[in-house]
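Here's a quick briefing to read alongside the model. Have the sequence and the 3D view open as you go.

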Number of protein chains: 2
Amino acid sequence: MVKKEQVTDQSMVTEERILEAATKVFREKGREGARMQEIADAAGINKALLHYYFRSKDLLFERVFIESARLFFSRLNEVLQGNMDVFQKITRLCEAYITLSVENPFIPVFVIGEMNRSQDIFIRNMFTATQSRPDFSIFRQQLQAAAEAGIIRRVAPHQLIMNILGLCIFPVIAKPMMQFNMGIGEGEFMALMEERKRLVPELIISSLKIEKSE
Amino acid sequence: MVKKEQVTDQSMVTEERILEAATKVFREKGREGARMQEIADAAGINKALLHYYFRSKDLLFERVFIESARLFFSRLNEVLQGNMDVFQKITRLCEAYITLSVENPFIPVFVIGEMNRSQDIFIRNMFTATQSRPDFSIFRQQLQAAAEAGIIRRVAPHQLIMNILGLCIFPVIAKPMMQFNMGIGEGEFMALMEERKRLVPELIISSLKIEKSE
DNA sequence: AACTTTGTTAACCAGATGGTTAAACTAATT
DNA sequence: AATTAGTTTAACCATCTGGTTAACAAAGTT
């Protein structure tokens, strides 16, 4: 009989505890900064058990990273696939991105940080192995259709996406720097982000409006 | 007689070589990922010499980080203090930021990454010790004056600054992710960034225009 | 009850890492 | 030539880190 990996109640509980702990530590300290001992402690187990469940640090990191990336991109995809007109979709997209980033700031920081830190194929490989890449094709079609119908100005989709991401995500990634440079506290920052949910879509959409013939 | 630290030609050369090497390694690997041995190798010297010139890893990192941050912010300040009207200043600001980020992408990645990684006071402290914080006061005054003169719409300066930084810097920080998700190569990315030098100021300025009374 | 599989632990290990020491080398000064 | 201050190195050390081993506990299986 083929040796099947049997999943018992106990093992599931333990594995989940480990993953939670690992996620926390990896997001705080990064792949290099995280210590297996710290993860074990946070999970309330022995270090050897970590290697029993996830053979190595790299493998454990891979699980955590992919799950983080997926969580981040899947919500985005929901909106991107949605059945709405372009303007509404942009609004929803920005709102979703800002909300997600603010509620879970570690994810974009973590994903972007780690993708930068390893120029090697490490991250690329694990990214390819998942279906977590966002799919802009529908959105792009909508943009093109709207442009041809004369509803919006013709724009390069790549640029538009960069604009949206930059306006939504950057403040969260650069939060420590922002707070420091602007001398603002937690509450003030949150208020700014809340305001951005309205501001950013407005900015993006107004940039798509066709200016009156001059 | 007071023991004065004498700076000979030789020591300056060596110190400079070390700093160059350390900058390279720290920016690539981060504070935790960088190894003193690797820095020593890159500088073509012995590891002990590293500790002779810069007592510890932390001290060496501090030097590198502050210099990076300063390089990043000082150019910004030049523009911010400049004697131009609001629109021109915004244009210059965006151009400067994009050019600087593209030519030296490791700096924003490094600075923002490290500021996120250490929630402890470490970075804050070393930041306070330098005069590298950008000064938006003049720019803010210009904005207010222009708003009162009815030239531009009234906006929250914090939001405007977040917009500019996000639109200019984010693409560089998220470059690996962008390239991966959009499936574009080096040349294409550079072309996009070049285009942004025109696109971003246009976007920002048009958002400041007062819409025709409706 | 005997046996097998799975889950868990303490103790251990080899290698790496930041940092130290003491000695040797260099070049200017006396 | 001797002194001195600054520079450079090889060898060393304590500690940490990811990972392993062997033994043990628990829970089924026969």
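Of the 214 residues in chain A, 34% count as buried (20 or more other C-beta atoms within 10 Å of a residue's own, with C-beta atoms placed from the backbone; 12 or fewer would be exposed, and in between partly exposed). Keep in mind that this is a predicted model: local features need pLDDT of at least 70, side-chain atom pairs count only at pLDDT 80 or more, and totals for chains, interfaces and linings use all residues. Residues are numbered from 1 along each chain as its sequence is written, while chains are lettered from A and ligands numbered from 1 in the order in which they are written.

**Chain A fold**
- Chain A comes to 11 helices and zero strands (DSSP runs numbered from the N terminus: H or I of at least four residues for helices, E of at least two for strands).
- Among chain A contacts (C-beta atoms, placed from the backbone, within 7 Å) with a separation of 6 or more, 71% join residues 24 or more positions apart.

**Where the chains meet**
- On chain B, 38 residues are in contact with 38 residues of chain A.
- H9(B) gives the largest share of chain B's side, 11 residues.
- That side of chain B divides into 21 nonpolar, 11 polar and six charged residues (Ala, Val, Leu, Ile, Met, Phe, Trp, Tyr, Cys and Pro are nonpolar; Asp, Glu, Lys and Arg are charged; the others, Gly among them, are polar).

**The core**
- The largest nonpolar core (buried Ala, Val, Leu, Ile, Met, Phe, Trp, Tyr and Cys joined through C-beta atoms within 7 Å) has 102 residues, and Ile173(A) and Ile173(B) have the most contacts inside it.
- Leaving aside neighbours within four places in sequence, Ile173(A) is in contact with Pro108(A), Val109(A), Ile112(A), Ile112(B) and Ile173(B).

**Helix H11(B)**
- Watch for a bend of about 40° at Arg196(B) in H11(B) (the angle between axes fitted to the seven residues ending there and the seven starting there).
- Arg196(B) is also one of the buried residues of H11(B), which include Met193(B), Leu199(B) and Pro201(B).
- These buried residues pack against H9 (157–173) and H11 (186–208) of chain A, plus H5 (86–103) and H9 of chain B.

**Around DNA strand C**
- Ser11(A), Asn46(A), Ala48(A), Ser56(B) and Lys57(B) come nearest of the 19 residues around the strand (near: C-beta atom, placed from the backbone, within 6 Å).
- By class, this surface has six nonpolar, nine polar and four charged residues.

Definitions and conventions
Contact = placed C-beta atoms within 7 Å.
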